[in-house]
Amino acid sequence: MLSIRTQTAIAVLHDIASGNDLQSANFLFSEGEWKELFGKLEQGRLIRRLPDREPGKLSSYALWRPLPEISLLDVLQALNEPIRCNMPTPEEFYMNHSQIANKVARTFLAHIKIADW
């Protein structure tokens with residue numbers, strides 16, 4: 001399951017890509033939470049602020065690359081967010097197979113494109 005922050009980021013990326021100036025994500029974030037979200041997306045090089053534009057408004061940003069090239073992994077890394085699975089994996093599995101489990105998860109997430117949402 002994706003966190004509210006991750007879901008909001010995905011909606012924001014779609015809004016920016018479509019030129020929508022109104023945020024379709026209607027989550028009750030504080031001004032500080034919105035600012036933090038935009039900051040993380042900027043630092044993760046998913047969005048960039050346009051010159052002479054006010055930070056924190058959708059119309060002030062453009063995507064760094066086309067939406068079909070942005071993966072779920074890109075968003076999760078930019079936000080430093082986890083995904084929560086319904087079935088817990090035993091800790092022993094990670095102790096014995098952590099490198100391969102991490103590689104498989106990253107490969108899988110990299111193939112999920114935000115444009116397909």
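The conversation below concerns the core, the aromatic rings and a few polar contacts of a predicted model.

User: What kind of model is this, and how are residues numbered?
Analyst: This is a predicted model, in which local features need pLDDT of at least 70 and side-chain atom pairs count only at pLDDT 80 or more, while totals for chains, interfaces and linings use all residues. Residues are numbered from 1 along each chain as its sequence is written, and side-chain values use heavy atoms, with hydrogens and water left out.

User: Which residues touch the most other members of the largest nonpolar core?
Analyst: They are Val12, Leu13, Leu37, Leu41, Ile47, Ile70 and Val75, out of 26 residues in that core. A nonpolar core is a set of buried Ala, Val, Leu, Ile, Met, Phe, Trp, Tyr and Cys residues joined through side-chain atoms within 4.5 Å. Buried means under 20% relative accessible area, exposed over 50%, and partly exposed in between (1.4 Å probe, protein chains only).

User: Which elements give two or more residues to this core?
Analyst: These are α1 (4–18), α2 (31–43), β2 (61–63) and α3 (72–79). The largest contribution, six residues, is from α3. Helices (H or I, at least four residues) and strands (E, at least two) are DSSP runs, numbered from the N terminus.

User: How many aromatic pairs does the structure hold?
Analyst: It holds three. Rings of Phe, Tyr and Trp (its six-membered ring) pair if their centres lie within 6.5 Å; planes under 30 degrees apart count as stacked, over 60 as edge-to-face and the rest as tilted. Trp34 and Phe38 form a tilted pair, with 6.3 Å centre to centre and 35 degrees between the planes. Both residues are buried.

User: Why is the pair of Phe38 and Tyr61 called stacked?
Analyst: The ring centres of Phe38 and Tyr61 are 4.8 Å apart and their planes are at 5 degrees, so the pair is stacked. This pair links distant parts of the chain, as Phe38 is in helix α2 and Tyr61 is in strand β2, 23 residues apart.

User: Are those two buried or exposed?
Analyst: Phe38 is buried, at a relative accessible area of 1%, and Tyr61 is buried as well, at 5%.

User: Changing topic, where is Ser3 found?
Analyst: Ser3 is in the segment before α1.

User: Which side chains make polar contacts with the side chain of Ser3?
Analyst: The side chain of Thr6 does so at 3.1 Å, and that of Glu81 at 2.5 Å. A polar contact is a pair of N or O atoms within 3.5 Å; within protein, one must be able to donate a hydrogen and the other to accept it, and residues adjacent in sequence count only if both atoms are side-chain atoms.
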